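Open the structure in your viewer and keep the selection tool at hand. The tour goes from one selection to the next and says what is there.

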Amino acid sequence: MEDSIHDQFTHVPERISGLVDLAYNLWWSWNPEAGALFKQVNRQAWKESIHNPVRMLREIPVGFLKQAAENPAYLRRYDIVMRRFRKYMSATGTWFSAEHPDSRSLTIAYFSAEYGLHHSLPIYAGGLGFLAGDHLKEASDLGLPMVAVGFMYSQGYLHQEISPDGWQKDINEPLDPDAAPITRVLDSAGDHLVVRVPHIDPPIYVAVWKVQVGRIPLYLLDTDIDCNDPRNRGISSRLYTGDLEQRLRQEIVLGIGGRKVLHVLGADYSAVHLNEGHPAFALLERIRERVERGMEFDEALDEVRATSVFTSHTPVPAGHDIFPINLIDRYFKAYYPALGIDRREFLQLGVHPQSPGAGFNMTAFALRASEHHNGVSRAHGTVTRQMWRCLWPGTPETTVPIDYVTNGVHVPTWLNHRMKDLYDRHIGPTCPNWLSEHDDPVVWELIDEIPDAELWYIHTWLKAKLFNRIREQERIRWAAQHPGGVPDPATGGAYLNPDVLTIGFARRFSTYKRAHLIFEDLERLKRILNNRWYPVQVIFAGKAHPADNEGKRLLQKIYRYTQQPEFGGRVAFVEDYSEKVAQYLVHGVDVWLNNPLPPMEASGTSGMKASLNGVLNLSILDGWWVEGYNGRNGWAFGSETAACDGRDATDAAAIYNLLEKEVVPLYYDRSVDNIPHGWVKMMKESIKSNGPRFSARRMVKEYVARYYPPLLNAADAEYARAVAAAKPQAPEWEPQAHGEAEEGSE
Ligand SMILES: *Cc1c(COP(=O)(O)O)cnc(C)c1O
C-alpha cells in the first residue's frame with residue numbers, strides 16, 4: 001500500500017513523508033499528539049481541511065510543508081510521534097499476545113453494515129456504527145488478531161438541512177475517495193481489485209477499498225463500478241435503503257461478497273463476529289464453502305456455528321430484517337443446491353416460529369447459525385431472551401442461550417484532550433500508565449484528588465467551546481439564508497447563555513427515543529426554563545431516518561418550539577448532528593438527557609461519552625443506565641416496565657420533579673468562589689464510576705474472555721481436520737497473516 005499512496009504525495013518532502021502513512025491510518029485520530037502534528041504544519045490549512053489530514057496533504061501549498069520539514073522544533077515532535085506510531089504498528093508485546101501466547105495466527109473477522117470512525121469517513125448512520133468503530137479501535141489497542149468488513153457507501157452520507165417550517169431535508173454528500181483515508185486494494189496486475197459475489201445471478205461485482213484502523217484493516221465493499229449495471233451500482237450507494245429488494249441485495253453483498261473478498265485477500269479467517277443481523281449471510285457462505293469441500297450440510301453448519309458469535313443490538317422490531325419468500329427465491333435459487341439442501345430446508349433456517357409465513361428473518365437465522373449470542377446490556381440481554389426464547393422451545397427463559405456484553409466507548413476517542421490532560425496531571429504522578437489501564441476502576445479513584453476549581457474550569461472551558469461552535473454554525477446558517485426564508489436565530493442557539501444550566505439531548509429521531517417528552521407539560525417546562533433566578537436551557541440535535549416521516553414530524557414539532565418566544569430563546573436545535581457535533585455536545589453540556597420508552601434502548605452510548613467528560617446523566621432506567629446508575633453519579637427515573645397509557649405524562653413529571661428539586665438547585669448552589677462544589681462532587685463520582693466500566697476496553701476484553709478464544713480454538717481444530725482430511729483443498733485454509741497475500745498495494 002505504502003508505495004502506491006506515496007506516489008500520490010510526491011510533493012511531501014522526504015523528511016516528513018511519514019505524514020502520509022499517518023494520514024492513512026486512523027490511529028492519528030485517537031492520539032492527540034499525532035493530530036497535533038498536522039495542525040502544527042499549518043493551522044489554517046488544518047482548519048480548511050476540516051481536520052482531515054488526507055485532504056490537507058492534498059490541498060496544502062507545498063511551501064508550508066517545506067517550512068515544516070526545515071523547522072527543528074517541528075521535526076523533534078515529528079520524530080517522536082512517528083517513532084511511537086511505528087512502534088505501535090510493529091508491536092509484538094500487546095495485551096492479547098500476553099494473555100493468549102498460544103493463539104495461532106488465525107483472525108476474527110468482524111462484519112458490520114456501518115462504522116463510525118471519524119467524520120472524514122462518513123460511512124455511518126448512528127450508534128451501531130460508532131459501536132463498531134470503537135470496537136475496532138479498542139481491538140487494535142489490545143492487539144487482537146482482527147480484520148473487518150463493511151461498505152463504502154459512495155453516496156452514503158446524508159446532511160441534515162432544516163427548512164424554516166422545521167421540515168428535515170436530506171442532502172446527499174458523495175464520498176470523495178481522494179479526501180478520505182481509504183486506499184484501493186490492488187490485484188496482482190496492479191488494478192483495483194474486483195471480486196464477483198459467488199452464486200448470485202445476474203452477477204454482482206464489488207471493488208475493494210481498505211481503511212487502516214491502527215493495526216486492523218477494514219475492507220470496504222463498493223459496487224459503484226463500471227462492470228455493474230446501474231441497479232447493481234446503487235447497492236452500496238446508501239445506508240439501509242428502504243427498498244426491500246435492494247436491501248436484500250446489500251446484505252447479500254455484505255455477507256456473501258464480504259466473505260469472498262476476505263478469502264481472495266488471503267485474509268482467510270477462522271472466526272466471525274456479526275455486529276447485528278445485516279451481515280448474517282456471511283455464515284451462509286461459510287457453510288457453502290464447506291459443502292463445496294465435500295462436507296454434509298449439517299456438519300458444515302455445526303462447524304460454522306462453533307466459530308461464530310452474533311451480537312443483537314435492538315429490541316425494536318423494525319431493526320430486524322425480514323425478507324419476503326419470493327425475494328429469497330429470486331436470489332437464492334442457485335444457492336439452495338450449492339448448500340446441499342432443498343428450498344424448504346433453506347427457508348426453515350430463517351423462520352420465526354411465531355410468524356412462520358412472514359419471510360426469512362435475519363436475526364432468527366443468525367441465532368441458528370452461531371453458537372454464541374449476546375445483547376448489549378444486562379437489561380437488553382433479558383429482553384432479547386424474551387424475544388427469542390421461541391427458538392429454544394421448552395427451555396426456561398433464564399437458560400435461553402443469549403448472554404449480554406454491555407457496550408462501552410473507546411476512551412481515547414471520546415475523552416476530550418483537555419480533560420485527558422487534567423486526568424494526566426492528577427492520576428499520572430501515581431499511575432503514569434493510567435490510560436493503558438483505564439478499565440481498572442482503582443485507577444479512577446484518583447479522580448477525587450482533582451481540585452474542584454480545576455475540574456470546573458476545564459468543564460466551563462469545554463462549555464465555552466460548545467457555545468462558540470453553535471454560534472459559528474448559526475452565523476453560517478444565517479449568512480447562507482436558506483431559500484425558504486431567514487432562519488430564526490433562537491432556533492440555532494444564538495441566545496444561549498453559557499452561564500445557564502444546559503441540558504443536551506442528541507440522538508437519532510426515532511420515535512421510541514421520545515425527543516418530545518420534555519414538552520409534555522408546556523407550562524411547567526416554560527416555568528423551569530424561564531425561572532428568573534435559576535434558568536435552564538436545552539440543546540437538541542439529531543437526524544430522522546430519511547424514510548421516517550413520523551420522526552421528521554417529531555423533529556418539526558421541537559423545531560417550532562424553538563421559534564416560540566415563550567420559551568425565551570432557551571431551546572435550540574443544532575442542525576446536522578454528526579461525529580463532530582457529538583464531540584462538542586458530549587464534552588460541553590452540563591446534563592445529558594435520555595428518555596426512551598423502556599425497554600427499547602438496548603444500551604445507548606452517548607451518555608457514556610458524556611460521563612467520561614464529567615457531564616451528568618439524567619436518564620430513564622433503561623439500557624446501560626440500569627447498570628451505570630449508583631445513586632450518586634447522576635439522576636435516574638422511570639421503571640423498566642414497558643409502555644402503558646399515561647407513560648409519557650408520568651415520565652415527563654419525573655423529569656420536571658428531578659429538575660426542580662435536585663438538578664437545578666445543585667447546579668446553582670455556589671459558594672463565594674462561584675463553584676458548585678456539590679455538582680463537581682457528582683461529576684467526579686460520574687467520571688470514576690462510569691469511566692472504567694463503560695469503556696470499550698472493558699467491553700472488548702469481555703468478548704475475549706467469553707467468546708473469541710473458544711471460537712479461535714474451534715477454528716484451530718477445524719483447520720487441523722481440514723488439512724488432515726483434504727490435502728488438495730488445504731491452500732484455501734492456509735491461515736496467512738491478514739491482508740497480505742494478493743494485495744498488491746501493500
Ligand atoms: C455515540 C453516537 C451515537 C449513539 O448515541 P446513542 O446514545 O446510542 O443514541 C449516535 N450518533 C453519534 C454521532 C454518536 O457519536
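The stops below run from the domains to the ligand, and then to some loops of this predicted model.

**Stop 1: the domains**

Colour the protein chain by domain. Domain 1 covers 6-89 and domain 3 covers 413-694. Domain 2 is made of three stretches, 105-150, 240-407 and 698-726. Now select domain 1 and domain 3 together: their centres, taken over C-alpha atoms, are 34 Å apart.

Next, select residues 12-121. In the UniProt record, an unreviewed entry, this span carries the annotation "domain: DUF3417". Helix makes up 55% of the span and strand 4%. Select the C-alpha atoms at its two ends, and you have a pair 23 Å apart.

**Stop 2: the ligand and its shell**

Select the ligand and show the residues around it. How many residues surround the ligand? There are 14, and the closest are W414, K513, T605, S606 and K609. Sorted by class, the shell has four nonpolar, six polar and four charged residues.

Keep the domain colours on for the next point. Why does the ligand lie between domain 2 and domain 3? Both of these domains give residues to the shell, so the ligand lies between them.

Now show the helices α9 (127-142), α26 (579-588) and α27 (606-612). Each of the three supplies at least two residues of the shell.

**Stop 3: contacts of the ligand**

Zoom in on the oxygen atoms of the ligand and select these residues in turn:

- K609: a polar atom of its side chain is 2.6 Å from a ligand oxygen.
- K513: an N or O atom of its side chain is 2.9 Å from an oxygen atom of the ligand.
- T605: here a backbone N or O atom lies 3.0 Å from a ligand oxygen.

On its own, the ligand has 390 Å² of accessible area, and the protein covers 94% of that.

**Stop 4: two cis peptide bonds**

Select D201 and P202. The peptide bond that joins them is cis, with omega about -5°. P202 sits in the loop between β6 (194-196) and β7 (205-213).

Stay in this loop and select H199, which also lies between β6 and β7. H199 is not a glycine, yet its phi is positive, about 60°. Its relative accessibility is 34%, so H199 counts as partly exposed.

For another cis bond, select P598 and P599; omega is about 5° there. P599 belongs to the loop between β18 (591-594) and α27. The helix α27 was also on show at the ligand, where it supplies at least two residues of the shell.

**Stop 5: H51**

Go to the loop between α4 (43-48) and α5 (53-59), where H51 is found. Its phi is positive, about 55°, although H51 is not a glycine. H51 is partly exposed because its relative accessible area is 26%, and partly exposed means a value between 20% and 50%.

**Stop 6: S112 and E276**

Finally, select S112, in the loop between β1 (108-111) and α9. Is S112 buried or exposed? With a relative accessible area of 0%, S112 is buried, because buried means under 20%.

Add E276 to the selection. S112 and E276 are 164 residues apart in sequence, while their C-alpha atoms are 7.1 Å apart in space.

Key. Residues numbered from 1 in each chain as written. Predicted model: local features only at pLDDT ≥ 70, side-chain atom pairs only at ≥ 80, totals over all residues. Heavy atoms only, no water. Domains from an automatic or database assignment. UniProt positions renumbered as here; feature names shortened; annotations may be inferred. Near = heavy atom within 4 Å. Polar contact = N/O pair within 3.5 Å; in protein donor to acceptor, adjacent residues only side chain to side chain. Areas by Shrake-Rupley, 256 points an atom, 1.4 Å probe, with all protein chains shown as cover. Nonpolar A, V, L, I, M, F, W, Y, C, P; charged D, E, K, R; others polar. Buried < 20%, exposed > 50% of the residue type's maximum accessible area, 1.4 Å probe, protein only.
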